[in-house]
Amino acid sequence: MASDSRYVHGTAPEEQRRLSTLNELLNESSLRGLGLQGGERVLDVGAGLGQLTRAIARAVGPQGRALGIERSAEQIAEARRLARADGEERLLEMREGDVMALELAPGEWGSFDVAHARFILEHVPDPKRVVQAMARAVRIGGRVVLEDDDHDVLRLSPEPPGLMDAWRAYIRSYERNGNDPYVGRKLVALLHAAGVAPSRNAWLFFGGCAGDGRLELFVQNLAAILEGARAAILAAGPIERDAFDATIAAIHAWGARPDAAIWFARCWAEGVRRV
């Protein structure tokens, strides 16, 4: 995350637990999308709790490298704790840094095979600047891979009462903070503007249904997203506190339904550095 970004969720323990659960839901599909063969040098920008960075390190093996860049000292400390708990402390290479002013050693610029960023561009004031730095970090022929949200694609069925009012207020809180809740639809354009030749545009499905064994994780994540942004949502209006609390309760009740289904998708775009 960047020092001048406005991340509405913060880094409190509750948010770290949500992010850890989110990694469980996301990392497998991110790894499939990256298509690593082994031996690659990968830069993971905005690495958060480092769980995906470690998964990348496992995929590239001892002949490769996975370097995670993260602004938050709290997130890095938790990333190291999680790595120790999993017996993977040696796999985790994390460095404190600001994605808006990315710092690498002179020999590291232009050395990576892949530069990857997930859920970062929606929180920074100048996404193009971040993508330009990622392009500089990869070698000629290297890939720049972007994953981010378009918040307009969330659907739940049957829809819990009040959900979309709360979700729209959440989106407005992004905009009030100078963030971009729709940056996902702009990823290809950002690659092009940064001088990277776009080569792939895709959705990565994020959802489930009753009976698939994972719905409760999606329920927990959705409720925690809204709860974590409670102050910003109420400030964005026009939702009142009682209505907000009723919506959170409705989400949890919805998760117990035998016909519940949730659809979301994160946007995926990648390109190749030509020069």
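This report describes selected helices, loops and residues of a predicted model, beginning with helix α7 and its two partners.

## Helix α7 and the helices it meets

Helix α7 covers residues 215-228, and its length can be checked with a short piece of reasoning. At 1.5 Å a residue, its 14 residues should span 20 Å, and since the C-alpha atoms at its ends are 20 Å apart, the model agrees with that expectation. Within α7 the buried residues are Leu 215, Phe 218, Val 219, Asn 221, Leu 222, Ala 223, Ile 225 and Leu 226.

One partner of α7 is helix α5, which comprises residues 163-176, and the axes of these two helices come within 10 Å and cross at roughly 55°. That angle makes α5 oblique to α7, and the crossing in which α5 passes α7 is left-handed. On the α5 side the contact involves Leu 163, Ala 166, Trp 167 and Tyr 170, while α7 contributes Leu 222, Ile 225 and Leu 226. Sorted by class, this contact of α5 with α7 has 7 nonpolar residues, with no polar and no charged residues.

The other partner described here is helix α9, residues 241-255, whose axis comes within 9 Å of that of α7, with a crossing angle of roughly 175°. Because angles over 145 degrees count as roughly antiparallel, α7 and α9 are placed in that class. The residues of α7 that make this contact are Leu 215, Val 219, Leu 222, Ala 223, Leu 226 and Glu 227, and they meet Phe 244, Ile 248, Ile 251, His 252, Trp 254 and Gly 255 of α9. By class, the contact of α7 with α9 has 9 nonpolar, 2 polar and 1 charged residues.

Ala 223, which is placed in helix α7, shows this pairing at the level of a single residue. Not counting residues up to four places away in sequence, Ala 223 touches Ile 248, Ile 251 and His 252. The C-alpha atoms of Ala 223 and Ala 249 are separated by 8.8 Å, although the two residues are 26 residues apart along the chain.

Glu 216 also lies in helix α7, yet this residue counts as partly exposed, with a relative accessibility of 43%. Its C-alpha atom is 23 Å from that of Cys 267, a residue 51 residues away in sequence.

In helix α9, where Thr 247 lies, contacts reach back to an earlier part of the chain. Leaving aside its neighbours within four places in sequence, Thr 247 is in contact with Pro 161, Gly 162, Leu 163 and Ala 166.

## Accessibility of selected residues

The table gathers the relative accessible area of several residues discussed in this report.

| Residue | Relative accessible area | Class |
|---|---|---|
| Ala 223 | 3% | buried |
| Val 60 | 4% | buried |
| Thr 247 | 5% | buried |
| Phe 119 | 18% | buried |
| Glu 216 | 43% | partly exposed |

## Helix α2 and Val 60

Helix α2 is formed by residues 51-60, and because 8 of its 10 residues are buried, the helix is largely enclosed by the rest of the structure. Its buried residues are Gln 51, Leu 52, Thr 53, Arg 54, Ala 55, Ile 56, Ala 57 and Val 60. After α2 comes Gly 61, whose phi is positive, near 75°.

Val 60 belongs to helix α2 and, when residues up to four places away in sequence are not counted, touches Leu 36, Gly 38, Gly 39, Glu 40, Val 42 and Arg 65. Val 60 and Val 114 are 54 residues apart in sequence, while their C-alpha atoms are 11 Å apart in space.

## Helix α4 and two loops

In α4 the buried residues are Pro 127, Val 130, Val 131, Ala 133, Met 134, Ala 135 and Ala 137. These buried residues pack against both strands and helices, namely β1 (41-45), β4, β5 (138-149), α6 (187-193), β7 (196-209) and β8 (261-273).

The loop between β4 (112-118) and α4 (127-137) contains Phe 119, a residue other than glycine that nevertheless has a positive phi, near 60°. Another loop, between β6 (155-157) and α5, holds Pro 158. The peptide bond that leads from Ser 157 to Pro 158 is cis, with omega near -15°.

Notes
Residues numbered from 1 in each chain as written. Predicted model: local features only at pLDDT ≥ 70, side-chain atom pairs only at ≥ 80, totals over all residues. Heavy atoms only, no water. Axes fitted to C-alpha atoms, helices over the stretch in contact; angles between N-to-C directions. Helix = DSSP H or I, 4+ residues; strand = E, 2+ residues; numbered from the N terminus. Parallel < 35°, antiparallel > 145°, perpendicular 65-115°, else oblique. Left-handed = near helix turned anticlockwise from the far one by under 90°. Contact = heavy atoms within 4.5 Å. Nonpolar A, V, L, I, M, F, W, Y, C, P; charged D, E, K, R; others polar. Expected span 1.5 Å × (residues − 1). Buried < 20%, exposed > 50% of the residue type's maximum accessible area, 1.4 Å probe, protein only.
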